[in-house]
Amino acid sequence: MTPADARPSADGIPAAEDVLRAAAGWAWFPRGSEHVRDDLLLVRYPERFGGGVRGSQVSSTRSAAEVVERALERVEAWGETVFTFWTNPADEPDLEEELVRRGAEHVDTVTVFARPTAEGAVDVPPGVSAEVVRTVDQLREVDEINVPVWEQRPLDGDGLRAEFAELTAALDAGTGFRVLGRIDGRAVSTGGCTIVDGFTRLWGAATLDGDRGRGAYRAVLAERLRESAARGAATALVKGRVATSAPILARAGFTRYGDERAYRLTR
């Protein structure tokens, strides 16, 4: 897909096939992770993010049962016990029924949303602001939000330096950035962006539990849309959790393009 392919149609709504293709190709490789790509993509997460293996992006001529069995063999070879698989309409074959047959637990659902970055303002209440993260001190504030929200380990000195180097490189290249949201100057919310082929992927949104519902998420969203448009991304793509961000995204002008579901097997 080229950047031109990702641009909104004449009515301002991204083409469904472009959105679903971009959503299917979206995967995260945390620093320190391992991954293999065979019948599907398998990513082994580092302990800082809870460990385990995430699977997605199935493309195979094997049966669903064979694909799942081979994936579980790799999970075992890595010495892991938890396998989480995210469904996508582009999967071939579809593994959902086979995972359920094996006793997998449905643990999460996200809705795939998209909208033009430059159209439609997001309402932000007074006293709430957002800024692009450009300093180590700001990144430390981001970590202080992410640790309790995502139940992950805090960055140590080496991790903070490595993450800041990655952040600076992405900013310099125009391929991504992070945003920090504040209420009356206090850091309470954050979210990141990665720009790929004309899409800006909005990820990692987190707001401290006691500050939810006060507009911080909307401020972070508005800043990510504005900065992404300035960097040439025409379309915003996000996977919003049904129970939390999905209603906010719908009110902010995002169009729904379907759901992805997570299933977990523990061995």
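How much accessible surface does the protein have, and what share of it belongs to carbon and sulfur atoms? The accessible surface comes to about 12800 Å², and carbon and sulfur atoms account for 49% of that area. Keep in mind as you look around that this is a predicted model.

Let's begin with the whole protein. Its secondary structure comes to 7 helices and 11 strands. Taken along the principal axes, the C-alpha atoms fill a box of roughly 55 × 50 × 35 Å. Is that what a compact globule would give, or not? For 267 residues, a compact globule would have a radius of gyration near 18 Å, and the protein, at 19 Å, agrees with this. Of the 267 residues, 49% are buried. You can also ask how the chain meets itself: among the contacts with a separation of 6 or more, 71% are between residues 24 or more positions apart.

Now let's move in on one helix, α5, which runs over residues 157-173. It has 17 residues, and from its first C-alpha to its last it reaches 24 Å, close to the 24 Å expected at 1.5 Å a residue. Which residues of α5 are buried? They are Gly159, Leu160, Glu163, Leu167, Ala170 and Leu171. If you look down the axis of α5, these buried residues fall within an arc of 100°, so they line one face of the helix. Turn to the face away from that buried side, and you will find the exposed residues Asp158, Arg161, Asp172 and Ala173.

What covers the buried residues of α5? The cover includes the strands β6 (128-132) and β7 (176-183), together with helix α4 (136-150).

The two ends of α5 are worth a visit too. At its start, a side-chain oxygen of Asp156 comes to within 3.3 Å of the backbone nitrogen of Asp158. At the other end, just after α5, Gly174 takes a positive phi of about 75°.

Finally, let's step across to α4, one of the elements covering the buried residues of α5. Helix α4 is where you will find Val147. Which residues does Val147 contact, leaving aside its neighbours within four places in sequence? The answer is Gln152, Arg153 and Pro154. You can also compare Val147 with Arg48: they are 99 residues apart along the chain, while their C-alpha atoms are separated by 9.8 Å.

Key. Residues numbered from 1 in each chain as written. Predicted model: local features only at pLDDT ≥ 70, side-chain atom pairs only at ≥ 80, totals over all residues. Heavy atoms only, no water. Helix = DSSP H or I, 4+ residues; strand = E, 2+ residues; numbered from the N terminus. Expected span 1.5 Å × (residues − 1). Buried < 20%, exposed > 50% of the residue type's maximum accessible area, 1.4 Å probe, protein only. Arc of directions from axis to C-beta. Contact = heavy atoms within 4.5 Å. Polar contact = N/O pair within 3.5 Å; in protein donor to acceptor, adjacent residues only side chain to side chain. Rg over C-alpha atoms; globule rule 2.2 N^0.38 Å. Areas by Shrake-Rupley, 256 points an atom, 1.4 Å probe, with all protein chains shown as cover.
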